[in-house]
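Grab a pencil and work through these short exercises with the structure open beside you. Each task comes with a solution that goes one step at a time.

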Amino acid sequence: MKKIIIAIHGLGNKPSAEILEESWLNAIHEGLDQINKNRKNIPVKMVYWADVSYPQPLDAEIDDSEDPLFLKEPYTASPSTAEQHERKSRRLYILRFIENHLDQFFLKKNLKETFPEIMTMLMERYFSDLDTYYSEECIALQNENYSAKAAIQERLRSILQEYADHEILLISHSMGSIVAFDVLWAASESFSVRTFVTMGSPLGLPPIIARIFQAQKDLLPQLKQPRAPDCIWPHWYNISDRRDTVALDHTLRDDYAVNVKGLKVVDLLVTNDYQINGESNPHKSYGYLRTPEVARIIDTFLTDRRDEGIFGKCNLILGNITASTRRLWKKVTPG
């Protein structure tokens, strides 16, 4: 069976679809090169949805940093030297404390939000695209009859349908992981995703958990907590850097129950080395894509030949049956 890597980006405006896909490919190639698994051709299809909310893409040709279309964080190669990230113990302690107590502070036992007004204000202030996604009143720029949420989901749904006859590795970054989760859950009987990767994902944040759980509980009232979409099997890897404040809850394993096939998310802490002009961004997709952990996931997906293995076993079984039949025939046939 043919394989395809479907990629869906995250928050904020982006460069054009062509440039963004090329940048993701560059980062993937870089990661594979670093683990000595370099490849010439990697099948990647980008699900681009920035234009749903932004009329013009970011432009690398613009030099004015004050221009709203200035591309502040283009793709850059991994730092040539093994630079150590600044990890102040006090800051990490605070982040770990928040992570460990996040659900206790903002979620009730029934997984409803404790302070919905506060979380709404935070989403409006710091996650404008996410606020737009959850506001049905916000419409898509290209179609006034479509909410932004419906338009964004349709982008991914159409690509999944286009490659339904492929083995799929779905890589999602940031808010893209929420879009992917919603689409996979809503159409879990229509799609089959072999490997799901969430990078820098906010799926562990209380308002996201509350919304996902309510949507699932509307269909399955017996649920006690959110669960993984049933169409994912056998892998879901959640990738995050400890310093990534968008992925403030780095462990999704305790937030999402197994799906009907027994799938459980695997949480992996990595080091996101993205830098631009000496400034690091541990949330950037390019830095995540070239980590050894993601590179190994991609390499394993591309090199796994399950069909050949199955056919090989079938041929072996048929061969054994044929040999046994011949021996039996010799015993019962004179001469």
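## Exercise 1: Two helices

Start with helix α6 (residues 175–186): its 12 residues should span 16 Å at 1.5 Å a residue, and the end C-alpha atoms are 17 Å apart, which agrees. Keep in mind throughout that this is a predicted model.

**Task.** Work out how many residues of α6 are buried, and then check the length and the buried residues of α7.

**Solution.**
- Step 1: Recall the cut-off, since buried means under 20% relative accessible area.
- Step 2: Go along α6 and pick out the buried residues: M175, G176, S177, I178, V179, A180, F181, D182, V183, L184 and W185.
- Step 3: That makes 11 of the 12 residues, so α6 is largely enclosed by the rest of the structure.
- Step 4: Move on to α7, which runs over residues 206–219 and has 14 residues. From first C-alpha to last, α7 reaches 20 Å, close to the 20 Å expected at 1.5 Å a residue.
- Step 5: List the buried residues of α7, and you get P206, P207, I208, I209, A210, I212, F213 and Q216.

## Exercise 2: Salt bridges across the chain

**Task.** Find out how many salt bridges the whole structure has, then look at where the partners R39 and D299 sit.

**Solution.**
- Step 1: Search the whole structure, and 11 salt bridges turn up.
- Step 2: Take one of them, in which the side chains of R39 and D299 meet at 3.7 Å, N to O. That fits the cut-off, which asks for a side-chain nitrogen of Lys or Arg within 4 Å of a carboxyl oxygen of Asp or Glu.
- Step 3: Place the partners. R39 is in the loop between α1 (17–34) and β2, while D299 belongs to helix α9 (residues 292–303), so this pair, 260 residues apart, links distant parts of the chain.
- Step 4: Check the cover. R39 counts as partly exposed at 26% relative accessibility, whereas D299 is buried at 12%.

## Exercise 3: A salt-bridge network

**Task.** Start from the bridge between R194 and D304 and say which residues are linked with them in a network.

**Solution.**
- Step 1: Look at the bridge itself: the side chains of R194 and D304 come to 2.6 Å, N to O.
- Step 2: Locate both ends. R194 sits in strand β4 (residues 193–199) and D304 in the loop between α9 and α10 (306–332); the two are 110 residues apart, and the pair links distant parts of the chain.
- Step 3: Compare their surroundings: R194 is buried, with a relative accessible area of 13%, and D304 is partly exposed at 24%.
- Step 4: Follow the salt bridges outward, and the network turns out to link K3, E167, R194 and D304.
- Step 5: For another pair, try D230 and R227, whose closest N and O atoms are 2.9 Å apart in a salt bridge. D230 is buried, with a relative accessible area of 15%, and R227 is buried with a value of 15% too.

## Exercise 4: Backbone oddities

**Task.** Where are N36 and N277, and which residues does the cis peptide bond join?

**Solution.**
- Step 1: Recall the usual picture: most residues other than glycine have a negative phi, and most peptide bonds are trans.
- Step 2: Look at N36, with a positive phi near 60° though it isn't a glycine. N36 is in the loop between α1 and β2 and is exposed, at 66% relative accessible area.
- Step 3: Now N277, with a positive phi of about 55°, again not a glycine. N277 lies in the loop between β7 (275–276) and β8 (279–280) and is exposed, at 74%.
- Step 4: Turn to the cis peptide bond, which joins W233 and P234 with omega about 10°. P234 is found in strand β5 (residues 232–241).

## Exercise 5: One loop, two settings

**Task.** Are D63 and A50 buried or exposed?

**Solution.**
- Step 1: Find the loop. D63 lies between β2 (44–47) and α2 (89–106), and A50 is in the loop between β2 and α2 as well.
- Step 2: Read off D63, which is exposed at 72% relative accessible area. D63 also helps form a negative surface patch with D59, E61, D64 and E66.
- Step 3: Read off A50, which is buried, with a relative accessible area of 1%. The C-alpha atoms of A50 and A17 are separated by 8.7 Å, with their positions 33 residues apart along the chain.

Conventions: Residues numbered from 1 in each chain as written. Predicted model: local features only at pLDDT ≥ 70, side-chain atom pairs only at ≥ 80, totals over all residues. Heavy atoms only, no water. Patch = residues over 30% accessible without salt bridge, like charges linked within 9 Å, V, L, I, M, F, W, Y side chains within 5 Å. Areas by Shrake-Rupley, 256 points an atom, 1.4 Å probe, with all protein chains shown as cover. Lys, Arg positive; Asp, Glu negative; His and termini not counted. Charge placed at Lys NZ, Arg CZ, Asp CG, Glu CD. Helix = DSSP H or I, 4+ residues; strand = E, 2+ residues; numbered from the N terminus. Buried < 20%, exposed > 50% of the residue type's maximum accessible area, 1.4 Å probe, protein only. Expected span 1.5 Å × (residues − 1).
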